[in-house]
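Student: I have a new structure to look at, and I would like to go through it with you. Could we take it step by step?

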Amino acid sequence: MNRASGWKIRGWMSARCYWTLAAAGLILPLALWGLLCAFGAVNPVFLPSPLDVVHRVGQWFDDGDLMADVRISMFRVVAGWALSALIAMPVGLLIGTFRAVQALLEPLTDFVRYMPAVAFIPLVMLWVGIDEGAKIAIIFIGTFFQMVLMVAEDVRRVPMAQIEAAQTMGASRCEVIEKVIIPSAKPALLDTLRITMGWAWTYLVVAELVAANSGLGYAIIKAQRFLQTDKIFAGIILIGAIGLAMDQCFRWVHRAAFPWLHARA
């Protein structure tokens, strides 16, 4: 392999080189963090050492709360995201396919998506209550409107030539949607689901502000009250690790479902 190929625009790189660089990208910030703490450059109250964070994770696990917090947080995130996808996919498909639906719904969706999800907490508590439905609703609100617009844009990227070719061959509107638009947009739609799953995790802490007594976000908020910085770091890193694992699962599914998009040029 040409050593410079990794610096070419969309150049190919061997799996070994890729994962070596990926590991370096993760290890170097961790090493810098450890050095700062080892030389006492930062007060431990503000920046605990990596070993302190690891010790806190072990203590959290020994207390029996960690796995329960992980499970409930994953349930809330996945439920809110799945409900959002269930509604956003068909709505986005209609917006991206029909100009009348676009004119009717896109301006409203554009308007609402700029409203911060945290601002809806009082209304969600009033309308839904303070049980699990409220946490799921906050994550739904945080992801739904962006997902609708991303799905609509994915559908609009389907080449008009393909649609016109199907219409020339006598395909009905339903057949064009079923046999041309959806199959052509599938790779982009899966990427949209992957990206919005990441957004769903970012709304977890906000969602667990609503009268929660468990979950990773709740643990972070509770640790803040007692200035347990090591537990705050532990919670943030755990959320990032779970999110990264789920993101890699989505990437694997994308490669398995659409191998021609990942073939070496």
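Tutor: Gladly, and one term comes up early: a contact means heavy atoms within 4.5 Å. This is a predicted model, in which local features need pLDDT of at least 70 and side-chain atom pairs count only at pLDDT 80 or more, while totals for chains, interfaces and linings use all residues. Residues are numbered from 1 along each chain as its sequence is written, and side-chain values use heavy atoms, with hydrogens and water left out.

Student: How many helices and how many strands does the chain have?

Tutor: Helices (H or I, at least four residues) and strands (E, at least two) are DSSP runs, numbered from the N terminus. Read along the sequence, the pattern is α-α-α-α-α-α-α-α-α-α-α. The secondary structure thus comes to zero strands and 11 helices.

Student: What share of the 265 residues counts as buried?

Tutor: Buried means under 20% relative accessible area, exposed over 50%, and partly exposed in between (1.4 Å probe, protein chains only). By that rule, the buried share of the 265 residues is 38%.

Student: Which helix gives the most to the largest nonpolar core?

Tutor: A nonpolar core is a set of buried Ala, Val, Leu, Ile, Met, Phe, Trp, Tyr and Cys residues joined through side-chain atoms within 4.5 Å. The largest one has 60 residues, and Ile 181, Trp 201 and Leu 216 have the most contacts inside it. With 13 residues, the helix that gives the most to this core is α6 (residues 132-156).

Student: Which residues does Trp 201 touch, not counting residues up to four places away in sequence?

Tutor: Trp 201 is among the residues with the most contacts inside the largest nonpolar core. Its partners, leaving out residues up to four places away in sequence, are Ser 73, Met 74, Val 77, Ile 239, Ile 242, Gly 243 and Met 246.

Student: How many residues of helix α10 are buried?

Tutor: Helix α10 covers residues 216-225 and is mostly covered. Its buried residues are Leu 216, Gly 217, Tyr 218, Ala 219, Ile 220, Ile 221 and Ala 223. What covers them includes α2 (50-62), α3 (66-97), α9 (204-207) and α11 (229-257). Of the 10 residues in α10, the buried number is seven.

Student: Is Asp 230 buried or exposed?

Tutor: Asp 230 lies in helix α11. Leaving aside neighbours within four places in sequence, Asp 230 is in contact with Pro 48, Asp 52, Val 53 and Arg 56. Because its relative accessibility is 17%, Asp 230 counts as buried.

Student: Why does Gln 102 count as buried?

Tutor: Gln 102 lies in helix α4 (residues 99-113). Not counting residues up to four places away in sequence, Gln 102 touches Ile 95, Pro 107 and Arg 156. Gln 102 counts as buried because its relative accessibility is 15%.

Student: Is Ala 15 buried or exposed?

Tutor: Ala 15 is found in helix α1 (residues 15-38). Because its relative accessible area is 54%, Ala 15 is exposed.

Student: How many disulfides are there?

Tutor: A disulfide is a covalent bond between the sulfur atoms of two cysteines. Here the rule is a pair of cysteine sulfur atoms within 2.5 Å. Cys 17, at 32% relative accessibility, counts as partly exposed, and Cys 37, at 18%, counts as buried. By this rule the number of disulfides is zero.
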